[in-house]
Number of protein chains: 2
Amino acid sequence: MSAAREATTTETLTAPAEDYLKAIYAIGKGYGPAATNEIAQRLAIAPASVSGMVRRLADQGLLAYERYHGVKLTESGRRAALRTLRRHRVIEAYLSQALGYPWDRVHVEAERLEHAASDELVDRMAATIGEPEVDPHGAPIPTRDGSVDETEYTSLAQLDAGASGVVVRVSDEDPEMLRYLAELSILPGKKVTVKSRAPYDGPITLSMGRQELSIGPALAANVLIAPLADRGSRRG
Amino acid sequence: MSAAREATTTETLTAPAEDYLKAIYAIGKGYGPAATNEIAQRLAIAPASVSGMVRRLADQGLLAYERYHGVKLTESGRRAALRTLRRHRVIEAYLSQALGYPWDRVHVEAERLEHAASDELVDRMAATIGEPEVDPHGAPIPTRDGSVDETEYTSLAQLDAGASGVVVRVSDEDPEMLRYLAELSILPGKKVTVKSRAPYDGPITLSMGRQELSIGPALAANVLIAPLADRGSRRG
DNA sequence: GCTAAAAGTTAGGCCCTACTAACTTATTTT
DNA sequence: AAAATAAGTTAGTAGGGCCTAACTTTTAGC
């Protein structure tokens with residue numbers, strides 16, 4: 001008896017549990033497996049701590065877990081992760097649009113609020129700012145019923161010289177990076193063209209409108225692009 | 001050595017700790033002592049649990065605690081309580097004014113958000129709705145620097161027949177009661193006159209504008225009044 | 001295929017916050 | 001003032017969530 005019971009709909013998750021699910025979702029892009037070490041690193045905790053928590057989450061039917069072989073979200077775990085992700089991103093969008101919250105700090109604030117805000121509040125926030133489809137960094141907002149745009153975009157670091165595209169998303173966790181990107185005006189919606197790429201991880205030169213600038217590959221890797229099919233293409 | 005150290009400014013309180021401080025503040029009206037049993041009842045936990053927590057809070061310099069003789073807030077505990085109270089009430093006001101959140105549910109939502117929202121967010125909320133001085137139930141909002149209006153008002157249950165006053169505040173925790181008060185239109189700002197009081201805890205008949213209604217003493221006790229000096233007076 | 005390194009796990013602590021049961025102190029009643 | 005009651009405390013337990021240290025399993029290199 002006592003196979004892992006399926007999580008009941010009203011099962012309330014703790015804040016750390018929600019964080020684990022989010023991390024696992026992010027690592028596996030919704031479906032793939034996540035390694036213990038990766039989860040630990042993402043949550044900045046010791047790998048040993050992950051083992052215990054992962055077991056508890058598996059007992060709740062949120063994870064499929066095989067000792068020594070990482071975890072995957074179950075359907076119910078995926079739903080829970082998307083619920084948290086929706087909260088997070090709606091809150092980010094709301095803070096930014098309704099309260100003028102600076103875009104490099106919405107992430108941290110949302111990180112705490114996502115565990116406290118009710119679905120009703122989140123829905124009201126979303127309604128108030130016109131049901132946004134992406135958060136301030138361009139990340140897609142899951143819908144109430146748990147579907148998300150799972151398009152995978154190319155990073156700026158992977159574009160060949162000559163290629164053009166529109167910035168769709170930037171990574172949201174590093175405030176300093178966000179301030180720098182804003183300074184350079186590399187923001188979701190902006191059109192960029194790769195002018196040249198220096199070899200050996202050298203700088204990437206971009207043109208944006210009449211402006212020309214060059215950035216390092218580490219930064220470029222954090223900028224996702226929807227390619228415009230004019231010349232350049234993706235690169236392995 | 002090791003007398004209770006004063007709480008450092010940046011000491012981060014857990015959510016339960018903030019709840020204890022709020023409860024103790026409410027019981028002692030900021031300064032008075034609070035009994036273990038009262039704290040326990042207010043937080044809906046066992047009295048035995050309070051002893052342990054109260055000791056920890058005292059160790060942090062937030063409470064003055066003498067075994068078997070209840071607790072009082074220290075100055076630093078009072079500041080912490082007021083900080084949480086400010087968050088709570090600003091959030092309530094914001095939810096109500098900016099998001100059209102129903103007034104019988106703002107309390108519950110704020111109860112969770114108050115532990116997660118940053119000071120910056122709370123200040124932005126307050127600024128956005130014009131620095132309100134009271135929450136939707138009429139409770140005064142502490143200022144950033146920790147001062148509050150501590151006026152004590154008379155409850156409607158204590159007014160004699162003939163007395164008039166303005167509703168300044170209603171108790172905020174019982175959603176059903178709030179819905180009923182709204183239905184009767186007994187809301188902060190409304191003028192009321194006590195027409196008559198039936199003896200033996202009987203109903204109290206009020207007139208409000210051209211409307212006349214009668215309520216029980218339990219409800220009346222939850223409505224605070226700023227008396228208008230025309231005829232009636234307070235009553236023991 | 002064996003060994004070394006990497007990845008993951010259990011064991012044993014610790015803190016927080018709650019619980020029940022049993023005991024102590026304070027207060028009230030007679 | 002003694003006895004009864006109320007209020008408050010300690011003792012022992014539990015679960016969540018984290019840690020370090022030590023051990024096991026898997027993987028990768030030779």
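Start by selecting chains A and B of this predicted model, and look at where they meet: 13 residues of chain A are in contact with 13 residues of chain B. On the side of chain A that touches chain B, colour α5 (106–113) and α6 (119–128), each of which supplies at least two residues of that side. Of the helices there, α6(A) is the one to highlight, since with four residues α6(A) gives the most to the side of chain A that touches chain B. If you then colour that side of chain A by residue type, you will find seven nonpolar, three polar and three charged residues.

Next, superpose the two chains: chain A can be laid on chain B with an RMSD of 0.1 Å, by a turn of 180 degrees and a shift of 0.0 Å along the axis. The two copies are therefore related as by a two-fold rotation axis. Both copies also use the same surface, for 100% of the contact residues of chain A recur in chain B.

Now select DNA strand C and display what lies around it: 20 residues surround this strand, and the closest are A:Asn37, A:Ala48, B:Thr14, B:Ala48 and B:Ser49. To see which helices take part, colour α2 (36–43) and α3 (47–59) in chain A, and then α1 (15–28) and α3 (47–59) in chain B, each of which supplies at least two residues of the surface near DNA strand C. Pause on α3(B), from which the largest share of that surface comes, namely five residues. Finally, colour the surface near DNA strand C by residue type, where 11 residues are nonpolar, seven are polar and two are charged.

Conventions
Residues are numbered from 1 along each chain as its sequence is written. Chains are lettered from A and ligands numbered from 1 in the order in which they are written. This is a predicted model: local features need pLDDT of at least 70, side-chain atom pairs count only at pLDDT 80 or more; totals for chains, interfaces and linings use all residues. A residue is near a molecule or strand if its C-beta atom, placed from the backbone, lies within 6 Å of it. Ala, Val, Leu, Ile, Met, Phe, Trp, Tyr, Cys and Pro count as nonpolar, Asp, Glu, Lys and Arg as charged, and the others, Gly among them, as polar. Two residues are in contact if their C-beta atoms, placed from the backbone, lie within 7 Å. Copies are superposed by least squares on the C-alpha atoms of residues with pLDDT of at least 70 in both.
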